[in-house]
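Let's take a walk through the charged side chains here, with a stop at a small sheet along the way. Have the structure open and follow along.

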Amino acid sequence: MGFEPPQRLARTLGETYGDAAAAEWLAKLPGLADEALGHASLDTERVMAPGGRSSLVVLVRRSDGSPAALKIAPPFTRPDLERDALAHWNGWGAVQLLGEAGVGALVLERLHPEVSLRSLPEAKALLEAAGTVRKLWVDPPAAHGFETVARRTARQAEAMEPYRADPAAGELTAEALAVREELVAAEAETVLLHGNFRQGKVLAGDRTPWLAVGPEPLVGERAYDLARLVRDRVEDLVAASSGASAARRRVNKLADSLDLDRERLRGWTLFRAVESGTRALAAGRRQDAELLLEFASWL
């Protein structure tokens, strides 16, 4: 299967995991795709572009002619954990896992990749998002291998430490790190979380209107899982004169609709926005960083 990896995939893997690791895996990707297609007896329709940020997605047909999607991810993104989470949800609120096609390759239910919740008006999108993510918050399987919120954010906090001295991000970084310490110290809830839940991660389906895709699963409190959703369409919020008050209203509305503590959701939203902002700074994406840090300052 000859193809060029989507540019967004190559760029994001390089920024997140390092150019060397990304380049090594991307060089192997055409061969891995051929192996996966043969392993699961799949026929290619087309590669999704721009596609995912951490995996290649190919629209395929199974041997019986039914549509499906083949997802191939590098081992350093832990596709085995995505597999385990999807198997545990078994299609409840999330895309159905149909099988595996070798190491790091999943055969998934075909959704409508061009139609996500971002295609809806904001109020409707948030309502549908809340209804979808609620289904995912279940007890994790016994003897699971999922990371905890405390452990994942400890790693992120370590990477954020140098930005305490940054002229633009220092004050917010210090606040975000302090808030995280308070949150993990008092965390008492342990449910299975999507880990990267936002409007773009909920696609239209046939057996049910909306289904979540692309989890980066972990276990912990529900407020962590909503924090990324709060800042969806951040460009629109920043451009609006009422952006700051709209962001705070969104925190309160989502917390109330899902029976969560407003302050804990505000705290995780702050931490995750600043964490994303400092990562953007590290990658040289200053415009993205400025948007995220401005949003965080409103909280």
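## Salt bridges and a lone arginine

R279 and E275 sit four residues apart in helix α10, so about one helical turn separates them. Their side chains meet in a salt bridge, with 2.7 Å from N to O. The two ends differ in setting: E275 is buried, at a relative accessible area of 8%, while R279 counts as partly exposed at 42% relative accessibility. Bear in mind that this is a predicted model.

That pair belongs to a bigger set, as the count comes to 23 salt bridges. Here are three of them:

| Pair | Closest N and O atoms |
|---|---|
| R279 and E275 | 2.7 Å |
| R285 and E15 | 3.0 Å |
| E45 and R110 | 3.1 Å |

Now for R285 and E15, whose closest N and O atoms are 3.0 Å apart. R285 lies in the loop between α10 (262-282) and α11 (286-298) and E15 in helix α1 (residues 7-17), so this salt bridge ties together parts 270 residues apart in sequence. Both ends are partly exposed: R285 has 27% relative accessibility, and E15 has 35%. The pair also has company, since D288 joins E15 and R285 in a network of salt bridges.

E45 and R110 make another link, at 3.1 Å between the closest N and O atoms. E45 is in strand β1 (residues 43-47) and R110 in the loop between β5 (105-109) and β6 (112-116), so the pair connects parts 65 residues apart in sequence. R110 is buried, at 18% relative accessible area, whereas E45 counts as partly exposed at 39%.

Which residue is buried yet has no salt bridge? That's R233, and the nearest side chain of opposite charge, D236, is 5.3 Å away. A salt bridge needs the nitrogen and the carboxyl oxygen within 4 Å, so D236 doesn't qualify. R233 is found in the loop between α7 and α8 (234-239). Leaving out residues up to four places away in sequence, R233 touches L117, R118, L120, P121, E122, A125 and Q199.

Helix α7 (residues 222-230) leads us to the sheet: this helix lies across β8 and β11, running at about 20° to β8. The sheet is open, with three strands in the order β7-β11-β8 and mixed pairing. Its edge strands, β7 (147-148) and β8 (191-193), each pair on one side only. Between β8 and β11 (residues 218-220), the pairing is antiparallel over three bridges. To find it on screen, start at V191, whose bridge partner in β11 is G220.

How values were computed:
Residues numbered from 1 in each chain as written. Predicted model: local features only at pLDDT ≥ 70, side-chain atom pairs only at ≥ 80, totals over all residues. Heavy atoms only, no water. Pairing = 2+ DSSP bridges. Helix = DSSP H or I, 4+ residues; strand = E, 2+ residues; numbered from the N terminus. Contact = heavy atoms within 4.5 Å. Axes fitted to C-alpha atoms, helices over the stretch in contact; angles between N-to-C directions. Buried < 20%, exposed > 50% of the residue type's maximum accessible area, 1.4 Å probe, protein only. Lys, Arg positive; Asp, Glu negative; His and termini not counted.
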